[in-house]
Amino acid sequence: MDLLAFFDIAVLDGTVRLATPLLLACLAGLFSERAGIFDIGLEGKMLISAFLAAAVSFTSGSVWIGMFAGIFASVLLSLLHGLASITFRGNQLISGVAINFFASGITVVAAQSWFGQGGRTPSLSGDARFESIQFPGALTRIRDINKADLPMKVYSELLSGHTIIVYMCILIVPLVWWILYRTRFGLRLRAVGENPGAVDTAGISVVRMRYMAVIICGVLCGMAGAYLSTGLQAGFVREMTAGRGYIALAALIFAKWKPWSALGATLLFGYLQALAIRPDILERAIGIRVQTQVLDALPYILTVIVLAGFVGKAIPPKAGGEPYVKER
Amino acid sequence: MTEQSPAIELKGISKAFGPVQANKDISIRVMPGTIHGIIGENGAGKSTLMSILYGFYKADSGEIFINGKKTEIPDSQAAISAGIGMVFQHFKLVENFTVLENVILGVEDGFLLKPSLNKARKELRQLAEEYELNVDPDAVIENIGVGMQQRVEILKALYRRADILILDEPTGVLTPSEADQLFRILGRLREEGKTIILITHKLREIMDITDTVSVMRRGEMTATVKTAETNPSHLAELMVGRKVLLQVDKAPAQPGEIILDVKNLNVTDEQGVHRVKDVSFNIRAGEILGIAGVAGNGQSELLEVLGGYCVATGDIFMNGEPIDLTGDKSDGQSRRERGIAHVPEDRHREGLILNFSAWENTAFGYHKDGKYQKNGVLMDNAAIVQDTAEKMERFDVRPPNPMLAAKNFSGGNQQKIVVAREIERNPDLLLIGQPTRGVDIGAIEFIHKQIIALRDQGKAILLVSVELDEIMSLSDRIAVMFDGKIMGERLPDETNTQELGLLMAGVQGETA
Amino acid sequence: MNKMPNWADTILVPLLSLLLAAVISGVVIALIGHNPIYALKLMVSGALGTSTNFSYTLYYATNFIFTGLAVAVAYHARMFNIGGEGQAYIGGLGAALACLYIPWPHWTLALIGGGLAAAIFGAAWAAIPAYLQAKRGSHIVITTIMFNYMSYPVVNYLLNGPIKAEGMEPATPSFAAEIALPNLSAILGTFGIAFSDRGPANFALVIALLACVGVWILIWRTKLGYETRAFGESESAAKYAGINPTKIIMIAMLISGALAGMMAINNVMGEAERLVLNAVEGAGFIGIAVALMGRNHPLGILIAALLFGILYQGGAELSAELRIPREMVTVIQALVILFTGALDNMVRMPIEKLFLSLRRKEAK
């Protein structure tokens with residue numbers, strides 16, 4: 001047993017990388033669901049953005065243009081979801097399912113047609129990808145890091161060497177919290193997910209608020225997807241989101257729709273993912289071999305336990321999932 | 001000096017929802033600094049009228065004048081700017097928000113909340129002093145009582161500079177002492193020159209607080225009078241109307257054994273409101289007990305308890321045997337097995353499944369009945385269709401097509417489907433709520449005859465209706481419910497609408 | 001009053017939705033530089049052209065019948081079971097365990113035993129979400145999604161460990177040859193009909209057709225089905241009639257899970273004759289599209305499943321001939337779900353208006 005192994009720098013470093021897309025998608029879901037629109041289409045929006053970001057980055061040579069393209073695609077799907085669930089008062093869950101399938105299919109079809117490499121984009125390099133940002137004085141070579149003392153390890157591996165999106169993410173949680181709880185927009189957003197009738201009688205357009213929310217959701221999902229293909233990895237491969245949209249959804253429930261808790265939940269789930277890649281470290285930590293599949297399943301098991309209300313009830317926004325119809 | 005212009009004047013407001021005329025050519029004038037009551041039964045069109053005034057609906061025709069000026073109110077925003085505030089029956093509050101947050105929602109001063117919250121906090125303090133509207137500004141709505149929540153609604157309106165305040169059934173959820181507090185507040189508001197419209201179906205409130213009162217019935221405004229110049233029984237008459245009294249031929253009742261015996265029944269709903277208070281009564285074979293009362297005074301809950309789907313405490317005996325009120329066996333099925341049939345008050349929500357065909361609805365609740373089964377496992381659909389066709393014939397349901405979905409029948413024919421289903425089970429006890437609500441004259445007569453015929457077969461019948469005429473002409477005994485209690489029992493020959501009206505208004509024995 | 005005639009509701013609206021999905025799919029194919037009409041011809045001939053191809057089409061359709069029925073049964077109680085994928089996967093595990101560890105003397109007994117195991121495993125995987133919905137109000141959609149994702153590591157673990165066959169591949173050993181289900185060509189052969197024996201269609205198709213009949217009887221001919229539909233239509237009315245909500249939710253979901261699990265008769269017992277990773281291949285999700293398109297009626301589901309079978313097999317042809325990836329099928333499937341499900345009102349409202357104005361004209 002070596003419990004300290006749980007805090008292995010490489011695993012923690014992996015946690016930060018893997019938690020970043022989860023956090024962005026989770027906050028995306030937070031905006032949508034806080035406004036009363038259930039969104040199980042996070043996965044699809046991330047996927048389409050991952051593809052378009054990689055494709056446009058490769059074609060244009062600029063990762064920034066790529067990311068904006070990714071965000072654009074994600075927002076389009078958000079608007080489709082809005083059209084179905086806000087304007088036409090359709091079933092929000094079915095719409096989300098459709099969006100996930102659409103993204104899953106269209107990305108491969110388009111990638112094949114565009115690049116002819118079997119449903120993937122070519123590898124990205126140089127300006128077509130988000131490069132790691134090295135802090136001054138940070139060690140870059142693994143060999144050097146392994147030899148360094150602990151503070152230097154933390155500085156070089158855990159703190160330094162991430163892409164700009166990861167660092168932006170550090171600011172995004174307080175920002176979301178601030179918007180949600182300290183601004184007029186946040187107040188109205190939360191209100192429209194709890195009691196759209198209150199918002200409507202206060203003379204605010206429910207439809208407009210909800211569209212704003214799904215658009216923000218699209219932007220954040222777009223960032224998450226772009227990060228996957230241009231930051232975390234160098235290029236798009238089919239189904240590269242690998243269920244992250246659903247894990248983000250699980251994290252959102254786990255966090256009870258609160259921004260700071262979302263950070264905690266996505267870090268936890270990111271940690272589990274990072275640990276699953278390094279079963280050797282887990283074995284060192286607890287002394288027995290654990291199937292990595294247990295770690296794969298853990299986020300979902302934890303979420304079901306939370307959903308069942310055994311550890312504090314997860315109460316979703318009251319008006320979630322229901323189209324708003326003016327009552328008499 | 002010219003005459004002061006009214007705070008609100010409505011001229012010729014009409015509004016139809018499809019074929020239903022919810023408001024017909026309604027005109028009223030409400031002077032500033034007065035409390036004006038609008039009274040009428042459920043569905044009389046009061047709420048529709050106020051929703052038009054608050055910009056929820058657009059009137060088909062008619063004009064609105066605010067302080068003498070013609071005003072268009074296309075949406076709630078316009079109503080708010082015209083100085084109209086509304087307290088809805090179901091509060092429009094965000095439950096997990098604080099009082100302050102609810103108050104500023106929609107009228108924030110800028111992008112940041114802080115300045116708005118500070119301003120509102122200060123203003124709320126002033127309003128509290130001015131109108132005795134004390135509320136903790138930082139309390140979360142779901143943690144405070146309904147009385148407090150209602151104050152928040154009033155504060156919301158005042159914070160929006162409302163001079164005209166509309167309250168829709170404000171005391172429906174309040175305890176009597178909370179209601180008294182509310183009336184004190186309304187009195188203060190009147191003193192400060194605010195104009196108040198109070199929508200209610202409770203006569204006592206109208207008499208207690210209003211200056212003038214309008215009565216609505218079936219979408220029309222039937223009268224507007226000064227409160228001081230009227231009395232509750234007169235208003236009750238205006239409310240329930242004096243439609244052509246349908247003559248029901250019936251022989252005197254010949255009561256037999258006690259079929260249903262209810263003792264000390266109490267119902268508390270999920271919100272913790274005490275709906276039925278210590279109610280006791282019995283019904284004998286071959287008699288009709290009519291329960292009169294304005295809607296919402298516990299009659300619905302009483303029917304639900306007897307029908308098996310509302311939890312209660314107390315004792316109920318059916319043919320001398322106790323009925324389980326709380327256990328797993330207390331459901332609609334077990335009640336039917338005990339010989340209780342039930343025509344529920346709301347056929348759309350409960351009595352029928354609108355998307356089911358007439359024959360499927362005929363089996364509803366009795367789908368486990370042996371005569372609807374074959375081979376032990378399957379339902380004998382052909383037998384049900386056959387049975388339905390015969391029932392439709394006997395009850396003159398039109399069109400007599402068992403395959404047609406319930407939603408495609410008219411109200412009267414829908415009700416006949418339900419009544420046929422329940423009466424033809426030959427129950428020992430028939431519960432029947434609002435038997436003729438939304439039913440045309442012809443069907444009313446038919447259904448009344450069926451009820452009498454069932455009584456004459458020696459069955460016990462519990463009739464709940466808000467139509468006083470119906471109660472008067474069908475019942476052998478009349479009990480009046482008010483605020484969850486039975487105010488008293490009368491014999492139809494020995495009472496009149498005035499006396500019942502008073503009992504319905506909660507006034508006991510003063511003129512009786 | 002009916003806003004539009006019945007036939008418009010059950011046939012015209014789905015047909016228009018389908019047409020919209022088809023048109024947009026055509027646009028996508030045109031955008032990636034192919035002729036949509038040619039692609040359509042290719043798909044149809046690829047799916048129906050030879051009896052081997054048709055056998056594949058029927059094989060896929062069999063999967064979709066099971067998962068489509070699963071979604072439909074739950075939906076009649078207004079439960080949106082999105083967990084067919086996981087239930088079918090775990091059902092496959094049940095079938096595999098039964099076929100591997102019990103020495104069935106004959107394929108008919110293996111069919112009963114394995115099918116039962118598949119149904120029980122599938123139902124068990126639906127049981128917890130059902131219970132949580134009925135008793136604790138946990139949203140069935142979210143919990144069934146979570147159970148989908150839990151099923152992958154569970155089977156993944158077993159296929160890499162306890163029940164793994166020798167060799168590199170994460171899969172169980174093959175089942176005994178004696179318990180292989182008869183191929184469709186063998187079945188049709190007994191009736192003297194010649195059919196290719198190179199395709200995967202097998203006896204499971206017969207079971208799927210029986211399941212259609214069974215579900216039809218269940219939903220429209222039994223007390224339980226009656227109560228399920230009543231509960232789904234109106235909870236308040238169901239309460240009045242004395243129908244127990246917990247019972248209905250549990251039973252509907254268990255049957256739903258069992259049907260999804262029974263897909264294993266086709267893909268695990270009938271075709272692969274062993275359990276492999278990702279054996280369900282998305283059929284659980286396609287069940288959603290099939291049920292939506294089939295309006296939750298077994299006959300509709302049968303037709304929709306066949307259509308998706310054609311789409312699937314035809315999609316394979318597209319990828320072979322035109323190098324359009326098979327994922328094109330996923331796109332079409334998404335569009336079908338979108339138009340027949342989420343955007344239903346968009347298609348429906350104009351038609352309703354049309355019929356209303358037609359009726360008004362008639363009245364005049």
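How many bridges join strand S21 (residues 477-482) of chain B to strand S22 (residues 485-490) of chain B? In this predicted model, the number is five, and the two strands run antiparallel. One of the pairings places B:Met481 opposite its bridge partner in S22(B), B:Ile486. The hairpin of S21(B) and S22(B) has two residues between the strands. In this hairpin B:Asp483 takes a positive phi, near 55 degrees.

Chain B also contains an open sheet of four strands, arranged in the order S2-S1-S4-S5 with antiparallel pairing. Strand S2 (20-30) and strand S5 (69-70) of chain B form the edges, since each pairs on one side only. The pairing of S5(B) is with strand S4 (residues 61-66) of chain B, in the antiparallel sense and over two bridges. Across this pairing, B:Phe65 stands opposite B:Lys70 in S5(B).

At the level of domains, chain B is assigned domain 1 (8-240) and domain 2 (258-504). The C-alpha centres of these two domains of chain B lie 35 Å apart. Contact between them involves 11 residues of domain 1 of chain B and 12 residues of domain 2 of chain B. On the side of domain 1 that touches domain 2 in chain B, the residues divide into four nonpolar, four polar and three charged.

Burial was examined for individual helices. Helix H9 (residues 299-307) of chain B is mostly covered, with nine of its nine residues buried. The buried residues of H9(B) include nonpolar ones such as B:Leu302, B:Leu303, B:Val305 and B:Leu306, and B:Glu301 and B:Glu304 are buried as well. After H9(B) comes B:Gly308, which has a positive phi near 100 degrees.

In chain A, helix H8 (residues 184-194) is likewise mostly covered, and nine of its 11 residues are buried. Among the buried residues of H8(A) are A:Arg184, A:Arg188, A:Arg190 and A:Glu194, along with A:Leu187, A:Leu189 and A:Val192. The cover over the buried residues of H8(A) comes from two chains. Chain A contributes helix H1 (9-34), helix H7 (164-182), helix H9 (196-201) and helix H10 (206-232) to what covers them, while chain B contributes helix H3 (99-104) and helix H4 (113-131).

Chain C has 15 helices and zero strands. Its radius of gyration is 21 Å, close to the 21 Å that the globule rule gives for 364 residues, so chain C is as compact as a globular protein of that length. Along the principal axes, the C-alpha atoms of chain C fill a box of roughly 75 × 55 × 40 Å. Of the 364 residues of chain C, 56% count as buried. Among contacts in chain C with a separation of 6 or more, 77% are between residues 24 or more positions apart.

Chain C touches both of the other chains discussed here. Its contact with chain A takes 36 residues from chain A and 37 residues from chain C. On the chain A side, the elements that give two or more residues are helix H4 (92-115), helix H11 (244-254) and helix H14 (292-307). H4(A) gives the most to this side, with 14 residues. The residues of the side of chain A that touches chain C divide into 21 nonpolar, 13 polar and two charged.

The contact between chain B and chain C takes 24 residues from chain B and 16 residues from chain C. Helix H10 (332-337), helix H11 (347-351) and strand S18 (378-379) of chain B each supply at least two residues of the chain B side. H10(B) gives the most to that side, with four residues. The side of chain B that touches chain C divides into nine nonpolar, 10 polar and five charged residues.

The largest nonpolar core has 392 residues. The members that touch the most others are A:Ala251, B:Ile166, B:Val480, C:Ile65, C:Leu69, C:Phe308 and C:Ile337. Helix H3 (residues 51-76) of chain C gives the most to this core, with 16 residues. Domain 1 (8-240) and domain 2 (258-504) of chain B both give residues to the core, so it lies between them. For one of these members, C:Phe308, the contacts were listed without the neighbours within four places in sequence; they are C:Tyr60, C:Phe64, C:Ile286, C:Ala289 and C:Val290. In soluble globular proteins, nonpolar side chains tend to be buried together.

Key: Residues are numbered from 1 along each chain as its sequence is written. Chains are lettered from A and ligands numbered from 1 in the order in which they are written. This is a predicted model: local features need pLDDT of at least 70, side-chain atom pairs count only at pLDDT 80 or more; totals for chains, interfaces and linings use all residues. A nonpolar core is a set of buried Ala, Val, Leu, Ile, Met, Phe, Trp, Tyr and Cys residues joined through C-beta atoms within 7 Å. A residue is buried if 20 or more other C-beta atoms lie within 10 Å of its own, exposed if 12 or fewer, and partly exposed in between; C-beta atoms are placed from the backbone. Domain bounds come from an automatic or database domain assignment. Two residues are in contact if their C-beta atoms, placed from the backbone, lie within 7 Å. Ala, Val, Leu, Ile, Met, Phe, Trp, Tyr, Cys and Pro count as nonpolar, Asp, Glu, Lys and Arg as charged, and the others, Gly among them, as polar. Two strands pair if DSSP finds at least two bridges between them. The radius of gyration is taken over C-alpha atoms; the globule rule is 2.2 Å times the number of residues to the power 0.38.
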